[in-house]
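Please look through the sequence and the model below before reading on. The paragraphs that follow lead from surface patches to strands and then to charged pairs.

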Amino acid sequence: MSFMRSDGAGLRVFVGLLLAGLVACPLPARAQTRATPIALDTGYKVIKKFAVAGEGGWDYIAVDGDSRRLYISHGDVIQVLNADSGKLVGQVAAPGAHGVALAPDLQRGFTSNGKDKSVTVFDTRTLATIKNVKLEGGTDAILYDPFTKRVFPINEKITVLEAQTGEVAGTVDLGGDPEAAVSDGKGTVYVNLADKGAVAVVDPKALSVTKTYPIEHCTSPHSLSFDQATERLFVGCREGFVALDATSGKVIHSSLMCSGVDASGFDAEHKLVFESCSEGVISVIRQMTPDNYRIIETIPTKLWARTMVFDPKTKNIYLPTADFEFIPDSDPKKPPQRRWKSGSFTVLVVGKK
């Protein structure tokens, strides 16, 4: 039987049978997309708000997941809250408080004090002050390295302390203006250099900078977190998010993220990077593979809630913030002054419920 008649009817019959055959014989499985899509909705939202008494500015926040304690820099003290209820447990004097480093293995805490350039060593069980140590330079962020059991009050020139005794171990000159710092727990400390657009690699035992990783297209790197399993550094820059190979400094991936980043955290179990920003959101970036990252969600928080801490035990995120208001200047030609509303200091709890 011929399907190719001169009037074209045979061609139509042939095409019809061909299409019918394609329907009857579907394409190979590899040509179809049958995999279940990756869930993009994390379920995170603001689930609690802890009202915190007192006045003054704030900076870093820390959490001890096992003891369920939250440490908040606020004015001239570190306020310690129950991480689940928000109830005030106590406080530690810290003039010009910037942050806290915790050494659970030693039951010690260390505050970074900006006003008198010092570190207060305290007992995490009783919150009693053990020692106050004067620093050669100032301090902002502060880090405990469990590998060497040393404390790093972050400054361009770091005065490093022995965590067990509080004695000065030596100094490290970073050669730049630092922001955040992380330890890999195996003998390396990484520090963002905001003015250099780079990450300094520090040997915490020898107290030396072994190398510096310049980050292409990264202005003012602020946030820094770390994935120990894949040896990846996560950096929040003015332009966006960058993932680095911690062993080589190579830029692995970059992504969009929120504006005004200041802090971050990493959920190793679910492969999620959280970046908190002053615009009032948290960007959630999913680690698809060690070398591929995609922004998957934006979690609303509150304007100026830019510092955060991630609790690996409950997966909750804590962010301090406050309400603000504008006060007109006596000179109508000058812009109004922004100030924080008295009594409005709050810690937001972002989680799943």
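**A walk through the predicted model**

Met 288 counts as partly exposed, since its relative accessibility is 30%. In this structure, which is a predicted model, Met 288 belongs to strand β24, the run of residues 281–289. Together with Ile 38 and Leu 40, Met 288 makes up a nonpolar patch on the surface, and the accessible area of these residues together is about 250 Å².

A second surface patch is one of charge: Glu 156, Asp 173, Asp 177 and Asp 195 gather there, and the patch is negative. Of these residues, Asp 177 sits in the loop that runs between β13 (168–173) and β14 (178–183), and with a relative accessible area of 40% Asp 177 is partly exposed.

From the surface the description can turn to the strands. Strands of a sheet pair through backbone hydrogen bonds, in either a parallel or an antiparallel sense. One open sheet here has 4 strands in the order β1-β30-β27-β26, and their pairing is antiparallel. The edges of this sheet are held by β1 (45–51) and β26 (309–310), each of which has a single partner strand, so that one side of each is left without a neighbour in the sheet. The partner of β1 is β30 (residues 346–351), to which β1 is joined by 6 bridges in an antiparallel arrangement; within this pairing, Lys 45 has Gly 351 of β30 as its bridge partner.

Another stretch of the chain, from β6 to β9, can be followed hairpin by hairpin. Strand β6 (residues 97–103) has 6 of its 7 residues buried, and is therefore largely enclosed by the rest of the structure. β6 runs antiparallel to strand β7 (residues 108–113), with 6 bridges joining the two, and in this pair Val 100 is matched with Thr 111 of β7 as its bridge partner. The hairpin that β6 and β7 form has 4 residues between the strands, and Gln 107 takes a positive phi near 55 degrees in it.

β7 goes on to pair with β8, again in the antiparallel sense and over 6 bridges, and here Arg 108 has Asp 123 of β8 as its bridge partner. The hairpin of β7 and β8 has 4 residues between the strands, with a positive phi near 50 degrees at Lys 117.

How many of the 6 residues of strand β8 are buried? In β8 (residues 118–123) the count is 6 of the 6, so this strand is largely enclosed by the rest of the structure. In a regular strand the side chains alternate between the two faces of the sheet. In β8, Ser 118, Thr 120 and Phe 122 point one way while Val 119, Val 121 and Asp 123 point the other way, and all are buried. β8 also pairs with strand β9 (residues 129–134), in the antiparallel sense over 5 bridges, and Thr 120 has Asn 132 of β9 as its bridge partner. In the hairpin of β8 and β9, which has 5 residues between the strands, Leu 127 lies in the turn and has a positive phi of about 65 degrees.

The remaining topic is the pairing of charges. Side chains of opposite charge can pair when their charged atoms come close. Across the whole structure, a search finds 18 salt bridges. One of them is between Lys 186 and Glu 231, whose closest N and O atoms are 3.5 Å apart. Lys 186 lies in the loop between β14 and β15 (189–193) and Glu 231 in the loop between β18 (223–227) and β19 (232–236), so this pair ties together parts that are 45 residues apart in sequence. Lys 186 is partly exposed at 47% relative accessibility, and Glu 231 is also partly exposed, with a relative accessible area of 29%.

Asp 245 forms a salt bridge with Arg 232, with 3.8 Å between the closest N and O atoms. This pair links distant parts of the chain, since Asp 245 is in strand β20 (residues 241–245) and Arg 232 in strand β19, 13 residues apart. Asp 245 is buried, with a relative accessible area of 15%, and Arg 232 is buried as well, with a relative accessible area of 10%.

Note on methods: Residues are numbered from 1 along each chain as its sequence is written. This is a predicted model: local features need pLDDT of at least 70, side-chain atom pairs count only at pLDDT 80 or more; totals for chains, interfaces and linings use all residues. Side-chain values use heavy atoms; hydrogens and water are left out. Patches are made of residues with over 30% relative accessible area and no salt bridge: like charges are joined within 9 Å, nonpolar side chains (Val, Leu, Ile, Met, Phe, Trp, Tyr) within 5 Å. Accessible areas come from the Shrake-Rupley method with a 1.4 Å probe; for residues, only the protein chains shown count as cover. A salt bridge is a side-chain nitrogen of Lys or Arg within 4 Å of a carboxyl oxygen of Asp or Glu. Lys and Arg count as positive and Asp and Glu as negative; His and the chain ends are not counted. The place of a charge is taken as NZ of Lys, CZ of Arg, CG of Asp or CD of Glu. Buried means under 20% relative accessible area, exposed over 50%, partly exposed in between (1.4 Å probe, protein chains only). Two strands pair if DSSP finds at least two bridges between them.
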